[in-house]
Amino acid sequence: MPTFQQAFEQLLSRAPGPVFPKARELYRRKYCLEATAAERFRTFLLQEEIQETVAGALRVRALSFALVHWQGPQLEAHDYLAYLQERWQLQPADLILETDEPWFRQGGAWCRFTATAAYERAAPTSLVGS
């Protein structure tokens with residue numbers, strides 16, 4: 001089972017580039033960090049900070065995550081915290097239950113939290129013709 005950081009890197013390695021912000025946001029709301037979608041809970045990247053160089057190097061820092069009780073009702077904070085501890089070994093002190101609306105496309109009740117994660121991609125190399 002991958003660590004939280006490894007799952008974050010795997011997720012972003014397939015994400016649309018920053019030049020396509022709408023596609024990237026859709027991707028972040030549709031695809032979770034868990035390897036299988038059969039989980040009771042699913043972890044999504046909610047907000048990110050992107051730094052990109054002119055040469056194409058990329059650094060993404062996570063600002064917040066969403067933990068969704070997939071197709072389920074809102075739970076108590078301790079239920080979300082127990083999953084985060086068991087699955088990702090995380091103990092966020094800032095978990096906030098979101099009660100206004102379900103996750104993207106009626107995905108279920110959810111909460112938000114912060115955790116440290118970063119993804120870096122080196123500038124692509126190009127072949128120069130002779």
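**Exercise 1. Work out how Arg-29 and Glu-25 are paired, and how exposed each one is.**

Start with the atoms: the closest N and O of Arg-29 and Glu-25 are 3.3 Å apart, and the two form a salt bridge. The rule here asks for a side-chain nitrogen of Lys or Arg within 4 Å of a carboxyl oxygen of Asp or Glu.

A quick word on the model. It's a predicted one, so local features need pLDDT of at least 70 and side-chain atom pairs count only at pLDDT 80 or more, while totals for chains, interfaces and linings use all residues. Residues are numbered from 1 along each chain as its sequence is written, and side-chain values use heavy atoms, with hydrogens and water left out.

Next, place the pair: both residues sit in helix H2, four residues apart, or about one turn of the helix. Helices (H or I, at least four residues) and strands (E, at least two) are DSSP runs, numbered from the N terminus.

Now check exposure. Buried means under 20% relative accessible area, exposed means over 50%, and partly exposed is in between (1.4 Å probe, protein chains only). Arg-29 comes out at 25%, so it's partly exposed. Glu-25 has 37% and is partly exposed too.

**Exercise 2. Find which residues are joined into one network with Glu-48.**

Take Arg-28 to begin with: it forms a salt bridge with Glu-48, with the closest N and O atoms 3.3 Å apart. That pair links distant parts of the chain, since Arg-28 is in helix H2 and Glu-48 is in strand S1, 20 residues apart.

Then look at Arg-24, which also bridges to Glu-48, this time with 2.7 Å between the closest N and O atoms. Here too distant parts of the chain are linked: Arg-24 is in helix H2 (residues 21-30) and Glu-48 in strand S1 (residues 41-52), 24 residues apart.

How about burial? Both Arg-24 and Glu-48 are buried. Arg-28 has 11% relative accessibility, so it counts as buried. For Glu-48 the figure is 15%.

Put it together: salt bridges with shared partners join Arg-24, Arg-28 and Glu-48 into one network.

**Exercise 3. Decide what Arg-87 has around it, and whereabouts it lies.**

Arg-87 belongs to helix H3 (residues 77-88). It's buried yet has no salt bridge, and the nearest side chain of opposite charge, Glu-39, is 4.4 Å away. For charge, Lys and Arg count as positive and Asp and Glu as negative; His and the chain ends are not counted.

Finally, list the contacts (heavy atoms within 4.5 Å). Leaving out residues up to four places away in sequence, Arg-87 touches Met-1, Pro-2, Glu-34, Ala-35 and Glu-39.
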